[in-house]
Amino acid sequence: MTCYQEVSCPECDSKCITNTGHSLYGEPRYRCQEPDCLTETFMLKYRYRACEPSLSKH
Ligand SMILES: [Zn+2]
């Protein structure tokens, strides 16, 4: 079990996160290791906000 990612869980703010691969869009996926946390996997979508060309795409 690795706990060195510079990522924290959006639910419990735990730093004990492991990388579980990638989503269909190539975004890195993470899993919270806290046994009491309901969040299983999550992605850091907010990191890609600045790269989006348009926010109003209908
Ligand atoms: Zn968590």
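**A three-stranded antiparallel sheet**

In this predicted model, three strands make up an open sheet, arranged in the order 1-2-3 with antiparallel pairing. Strand 1 (17-22) and strand 3 (41-43) are the edge strands, each of them pairing on one side only. On average, neighbouring strands of the sheet are turned by 40 degrees against each other, with direction ignored. The chain as a whole contains zero helices and three strands, and its pattern along the sequence reads β-β-β.

It is helpful to look at confidence before turning to individual residues. The protein chain has a mean pLDDT of 78, and 67% of its residues reach 70 or more. Among the elements, the highest mean pLDDT belongs to strand 2 (91) and the lowest to strand 3 (88). As a friendly reminder, predicted coordinates should not be read in detail where pLDDT is low.

The pairing of strand 1 with strand 2 comes next. These two strands run antiparallel and are joined over five bridges. Within this pair, Gly21 stands opposite Arg29 of strand 2, while Asn19 has Tyr30 of strand 2 as its bridge partner. The hairpin that strand 1 and strand 2 form has five residues between the strands, and in this hairpin Gly26 adopts a positive phi near 80 degrees.

On the other side of the pairing scheme, strand 2 (residues 28-32) is joined to strand 3 by three bridges, again in the antiparallel sense. Here Tyr30 stands opposite Phe42 of strand 3. Tyr30, itself a residue of strand 2, thus appears in both pairings: Asn19 is its bridge partner, and Phe42 is the residue it faces in strand 3. Tyr30 also lies 5.3 Å from Thr41, C-alpha to C-alpha, although eleven residues separate the two in sequence. As general background, side chains in a regular strand alternate between the two faces of the sheet.

Burial gives a further view of these positions. Tyr30 counts as buried because 22 C-beta neighbours lie inside 10 Å, and the cut-off for this class is 20 or more. Glu40, by contrast, counts as exposed because it has 10 C-beta neighbours inside 10 Å, where the exposed class is set at 12 or fewer. Glu40 is placed in the loop between strand 2 and strand 3. For the chain of 58 residues, 5% count as buried, and Tyr30 is a buried residue.

Finally, the contacts can be viewed by their separation in sequence. Of the contacts in the protein chain with a separation of 6 or more, 20% are between residues 24 or more positions apart. A residue pair well separated in sequence is Glu40 and Glu11, which are 29 residues apart along the chain and 9.9 Å apart in space, C-alpha to C-alpha.

Conventions:
Residues numbered from 1 in each chain as written. Pairing = 2+ DSSP bridges. Helix = DSSP H or I, 4+ residues; strand = E, 2+ residues; numbered from the N terminus. Axes fitted to C-alpha atoms, helices over the stretch in contact; angles between N-to-C directions. Contact = placed C-beta atoms within 7 Å. pLDDT = per-residue confidence, 0-100.
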